[in-house]
Amino acid sequence: MKPIFALVDCNNFYVSCERVFNPKLAGKPVIVLSNNDGCAVARSEEAKAIGIKMGAPAFKIRSLLDAHSVHAFSSNYALYGDMSRRVMQTLTDMAPSIEIYSIDEAFLDVSGMRHENLTAYGQHIRKTVKQWTGIPVSVGIARTKTLAKIANRIAKKSIRENGVLDLTDSPFLEEALKRIDLEDVWGIGRKYAHRLKKYGIHTALSLAKLDDRWIQKLMGVNGARIVKELQGISCYGLDDSPPPKKGIGVSRTFYAEIDKFDDLKTAVSGYVCRAAEKLRAQKSAANVMMIFAATNRFKAHYDFHIATAALPVPTSDTTEMLRYADQCLRQVYKEDIRYKKAGVFLSALVSAERVQAGLFDKTDRPRSKCLMETLDRINEKMGAGTVRYAAAGLASNETWRTISRQRSPAYTTDWDQIPMVA
């Protein structure tokens, strides 16, 4: 049985999350800004129409925002993450298998529904997700994941398709491929697009008609697979159990530069705590920790300092990591230097279930594991940061913290910020 995939993609996801709890924003230009309210990372269709580009610095488009009464919000990742969880849970109940591809995209296996009207099924998905979560989605259906991506892209932009396009055995497949620019094909980056255009290849259709051996010489095996996928031959199956990450990093750019060791330590300790949480979430342990701190790269003199610690026993224990982070930070920190960014990176990851203990290790590992699990359960149930390490700072007004002057409430993850009905 040939596979059939449905790609469900949330429309302007961050903006849609803001609109769920503020319906007055419907039909108005809305953008969401990055950390420190720096750049536009999400735009409504209305914001795109007035010329706001992705990644545009907020200070450069201030006059445009004022002239068109654009609603700008600070990024609210707690809200977006929880809304994503709700969308994905809804989709899980609508298909036998699902691959969560990103915070706002998921592939569904609909191979067993070949006798149903797949367009009607796609509309059922849209209606259900909208009803249960308030988030609008588009659905692309095809025999390969690459073609499903293309179908979704067209469905999202075409008024006639009404948010759903089924390219499975469609007589309009070639016409659809002709409408897709080379850069918009899944897996084709700018580098390869530039190279292919030198040979007169500008659309997904012209790419699909290439000889396998020729494209493999130019782009390798992955290039040949992309061509096969465009021809309707599935090369990428559903990955419902993605492999754990090989490295985990957390870093931030400070709102204000800092030069005191205690301030830098507080910031880095917070990043270590978050990295350890991510590590435990994928059931891994780290062998190596790297700490770095850097000055403002836009100033004349740029400093970047780094220190690495080889952990004697692979660990995901926050307490243990904080101890090694302090040692690294003392190597990194230099007096009279004003730091603008810092972070932590954990590497040489192994499964937490197969950690080789050290001969002279005195740490009570079972007790440590129980403590971390309890900490994670409390924070998952009661909200991030409910129980936290003092080393990561207890005050919310430190000058180095990320600013979010226009952040909406955490409607779904904080009891004190739930919507009120007047």
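Let's start with the aromatic pairs: the structure holds 13 of them, where rings of Phe, Tyr and Trp (its six-membered ring) pair if their centres lie within 6.5 Å, with planes under 30 degrees apart counted as stacked, over 60 as edge-to-face and the rest as tilted. Tyrosine 14 and tyrosine 77 make one such pair, edge-to-face, at 6.1 Å centre to centre and with 70 degrees between the planes. Tyrosine 14 lies in helix H1 and tyrosine 77 in helix H4, so this pair ties together parts that are 63 residues apart in sequence. Helices here are DSSP runs (H or I, at least four residues), as are strands (E, at least two), and both are numbered from the N terminus. Tyrosine 14 is buried at 18% relative accessible area, whereas tyrosine 77 is partly exposed at 41%; buried means under 20%, exposed over 50% and partly exposed in between, with a 1.4 Å probe and protein chains only.

A word on the ground rules: this is a predicted model, so local features need pLDDT of at least 70 and side-chain atom pairs count only at pLDDT 80 or more, while totals for chains, interfaces and linings use all residues. Residues are numbered from 1 along each chain as its sequence is written, and side-chain values use heavy atoms, with hydrogens and water left out.

Back to those tyrosines. Ring pairs link Phe13, Tyr14, Tyr77 and Tyr80 into a cluster, and Phe13 and Tyr14 are among the buried residues of H1. Helix H1 covers residues 13-20, and 6 of its 8 residues are buried, so the rest of the structure largely encloses this helix. Which residues of H1 are buried? They are Phe13, Tyr14, Val15, Ser16, Cys17 and Glu18. The cover over them includes strands E1 (5-10), E2 (30-33), E3 (40-43) and E4 (71-74), along with helix H4 (77-92); contact here means heavy atoms within 4.5 Å.

Cysteine 17 brings up disulfides. How many disulfides does a search of the whole structure find? The count is 0, a disulfide being a pair of cysteine sulfur atoms within 2.5 Å. Cysteine 17 is buried, with a relative accessible area of 0%, but its sulfur is 7.5 Å from the closest cysteine sulfur, in cysteine 10, which is too far for a bond. Cysteine 273 is also without a partner: the closest cysteine sulfur, in cysteine 328, is 15 Å from its own, too far for a bond. Cysteine 273 counts as buried at 11% relative accessibility.

Now for another ring pair. The centres of the tyrosine 101 and phenylalanine 107 rings are 5.7 Å apart and their planes at 75 degrees, so this pair is edge-to-face. Tyrosine 101 is partly exposed at 34% relative accessibility, while phenylalanine 107 is buried at 0%. Phenylalanine 107 also has a charge over its ring: the charged end of lysine 145 sits 4.7 Å from the ring centre. For that label, NZ of Lys or CZ of Arg must be within 6 Å of the ring centre and within 35 degrees of the ring normal.

Next, the loop between strand E8 (164-166) and helix H7 (173-178), where you'll find threonine 168. Threonine 168 is buried, at 13% relative accessibility. Leaving out residues up to four places away in sequence, threonine 168 touches Ile4, Leu118, Ile141, Ala142 and Arg143. Its side chain also joins that of aspartate 166 through a polar contact of 2.8 Å (N or O atoms within 3.5 Å; within protein, one must be able to donate a hydrogen and the other to accept it, and residues adjacent in sequence count only if both atoms are side-chain atoms).

Arg143 turns up again in a salt bridge, meeting the side chain of aspartate 169 at 2.8 Å, N to O. The structure holds 22 salt bridges, each a side-chain nitrogen of Lys or Arg within 4 Å of a carboxyl oxygen of Asp or Glu. Aspartate 169 lies in the loop between E8 and H7, and arginine 143 in the loop between strand E7 (137-142) and helix H6 (145-157), so the bridge ties together parts that are 26 residues apart in sequence. Aspartate 169 is exposed at 59% relative accessibility, whereas arginine 143 is buried at 13%.

Finally, lysine 299 forms a salt bridge with glutamate 257, with 3.1 Å between the closest N and O atoms. Lysine 299 is in the loop between strands E10 (284-294) and E11 (304-315), and glutamate 257 is in strand E9 (residues 248-258), 42 residues apart. Lysine 299 is partly exposed at 47% and glutamate 257 is buried at 18%. Salt bridges link Glu257, Asp259, Lys299 and Arg338 in a network.
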